[in-house]
Amino acid sequence: MTEQRRDRILGLDFGSKTVGVAVSDGLGITAQGVEIIRRTSENKLRQTCARIEALIEEYQVGKIVLGFPKNMNNTIGDRAEKSLAFKEMLERRTGLEVVMWDERLTTVEANRTLMESRVRRENRKDYVDKLAAVYILQGYLDYLSMKG
């Protein structure tokens with residue numbers, strides 16, 4: 001049996017009750033939104049992790065990029081601490097490298113894009129986390145292409 005290549009990168013926007021998910025194309029050039037994983041409670045992460053593990057298999061993911069919600073003054077607050085704990089959990093469960101990526105203003109940008117696209121305010125919550133994950137992952141992919 002041959003080992004499958006794992007070239008894609010998974011982008012995650014980790015929120016208190018949702019995780020926006022995006023995945024790169026096989027060449028690592030573009031990010032596409034996949035879904036929003038919802039949970040009833042902030043601390044109930046078992047099903048969230050199981051869904052992420054299923055997506056890793058489905059898309060043959062080799063690395064994860066997790067949004068890092070620093071404060072605007074570059075300090076780390078409660079939300080960022082929770083993201084770091086989630087990073088450790090993901091690394092333990094998946095065995096994959098998890099890269100923290102500064103996500104400041106990605107949700108603002110996602111909301112702006114949805115407004116400009118004329119998505120009604122009450123419907124934006126159905127898209128904003130997934131779009132924020134796309135922005136997080138695309139920022140990382142752009143960084144890789146400039147670096148390499």
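1. Where H3 meets H5, the H3 side brings Thr106, Thr107, Glu109, Ala110, Asn111, Thr113 and Leu114, and the H5 side brings Val128, Leu131, Ala132, Tyr135 and Ile136; contact here is heavy atoms within 4.5 Å. By class, 7 residues of this contact are nonpolar, 4 polar and 1 charged. Ala, Val, Leu, Ile, Met, Phe, Trp, Tyr, Cys and Pro count as nonpolar, Asp, Glu, Lys and Arg as charged, and the others, Gly among them, as polar.

2. A word on the source: this is a predicted model, where local features need pLDDT of at least 70 and side-chain atom pairs count only at pLDDT 80 or more, while totals for chains, interfaces and linings use all residues. Numbering starts from 1 along each chain as its sequence is written, and side-chain values use heavy atoms, with hydrogens and water left out.

3. Now the geometry: H3 (residues 106-116) packs on H5 at about 120°, with the axes 8 Å apart. That angle makes H3 oblique to H5 (neither under 35 degrees, nor over 145, nor 65 to 115).

4. On to H5 itself, which spans residues 128-147, 20 in number, and reaches 28 Å from first to last C-alpha, close to the 28 Å expected at 1.5 Å a residue. Its buried residues (under 20% relative accessible area, 1.4 Å probe, protein chains only) include Val128, Leu131, Ala132 and Ile136.

5. The other pair is H1 (residues 46-59) and H2 (residues 78-94), whose axes come within 11 Å and cross at roughly 55°. H1 is therefore oblique to H2. From H1, Arg46, Thr48, Cys49, Ala50, Ile52, Glu53 and Ile56 take part, and from H2, Phe86, Met89, Leu90, Arg93 and Thr94. This contact has 7 nonpolar, 2 polar and 3 charged residues.

Key. Helices (H or I, at least four residues) and strands (E, at least two) are DSSP runs, numbered from the N terminus. The expected span of a helix is 1.5 Å times one less than its number of residues. Buried means under 20% relative accessible area, exposed over 50%, partly exposed in between (1.4 Å probe, protein chains only). Axes are lines fitted to C-alpha atoms, for helices over the stretch in contact, and angles run from 0 to 180 degrees between N-to-C directions.
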